[in-house]
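Visitor: Please take me closely through a single part of this model, one buried charged side chain and whatever surrounds it, and give the cut-off behind each term as you go.

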Amino acid sequence: MLSFRHAYIFSYNLFQFCGHTWILANTIARFFMFGQDALADTFYSVGFVMSLCQLLSILELFHIADGIEKARLLPRFIQVMEKNVLLVMVIMLEEIQSKPVVCVLLFLWNILDLLRYPHEMLCVMEKPSISMLWIRYTLWIPLYILSVATEGVTIYHALPYVEPPYSALLNSTVYTHMHLPFVLMVYLPVLALGASVTVWQLLKERQHHLEKWNKKMKRK
């Protein structure tokens with residue numbers, strides 16, 4: 001019998017899948033219509049929906065903690081926080097919103113989520129697919145590494161726009177004793193460390209799920 005918890009988590013995954021499908025379709029359609037000119041204002045056209053999807057992704061931490069979703073909390077926490085931190089930075093720095101690297105970053109984020117949410121929905125329906133399982137835990141990992149590298153490039157491109165004039169403005173309000181470019185430079189190795197931990201955890205999760213699938217097939 002379908003419980004409220006199952007209906008909720010399925011609806012959540014479906015909403016995220018539809019949201020990211022719309023973003024990806026919008027991005028691709030604009031690229032075919034306007035060519036490279038579409039890269040300049042991609043964030044303006046999909047930024048709100050992307051922000052909404054990423055903000056709601058914080059709920060996934062509570063899903064895992066409550067046991068609604070069967071996954072490791074640490075890698076999901078790192079993934080959710082790194083995306084939201086980067087998104088806040090892009091929103092604050094309008095100068096980098098038109099950079100091609102931001103368009104590439106949004107594209108990779110969408111691909112990753114579109115590979116993940118269908119698998120989650122199938123798991124809720126208790127109809128797992130070996131192809132979706134392979135995509136989720138094998139193809140997903142190198143794409144995640146590529147997205148983290150793109151996040152690093154995005155931060156590097158943002159550094160010139162947080163030099164003294166912008167930093168001085170922030171220092172006069174909230175960040176009184178903080179030099180923002182230095183904070184971003186420190187964040188880069190933190191991002192790399194977090195990504196390494198996430199990949200390590202995902203590889204362990206991949207091994208667990210594939211072994212579980214193989215045992216299930218042998219019993220049949």
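**Around D113**

Guide: D113 is buried, with a relative accessible area of 3% (buried means under 20%, exposed over 50% and partly exposed in between, using a 1.4 Å probe and protein chains only). The model is predicted, so local features need pLDDT of at least 70 and side-chain atom pairs count only at pLDDT 80 or more, while totals for chains, interfaces and linings use all residues. Residues are numbered from 1 along each chain as its sequence is written, and side-chain values use heavy atoms, with hydrogens and water left out.

D113 shares helix α5 (residues 100-124) with R116, three residues further along, about one turn of the helix (helices are DSSP runs of H or I, at least four residues, numbered from the N terminus). The two side chains form a salt bridge of 3.4 Å, N to O (a side-chain nitrogen of Lys or Arg within 4 Å of a carboxyl oxygen of Asp or Glu), and R116 is buried too, at 4% relative accessibility. Both residues belong to a network of salt bridges that also links E60, E69, R76 and K83.

The side chain of D113 also makes a polar contact of 3.1 Å with that of H20 (a pair of N or O atoms within 3.5 Å, one able to donate a hydrogen and the other to accept it; residues adjacent in sequence count only if both atoms are side-chain atoms). H20 lies in helix α1 (residues 4-34) and is buried, at 1% relative accessible area. Leaving aside residues up to four places away in sequence, H20 touches, besides D113, the residues M50, C53, Q54, N110, L114 and Y117, contact meaning heavy atoms within 4.5 Å.

How values were computed: Helix = DSSP H or I, 4+ residues; strand = E, 2+ residues; numbered from the N terminus.
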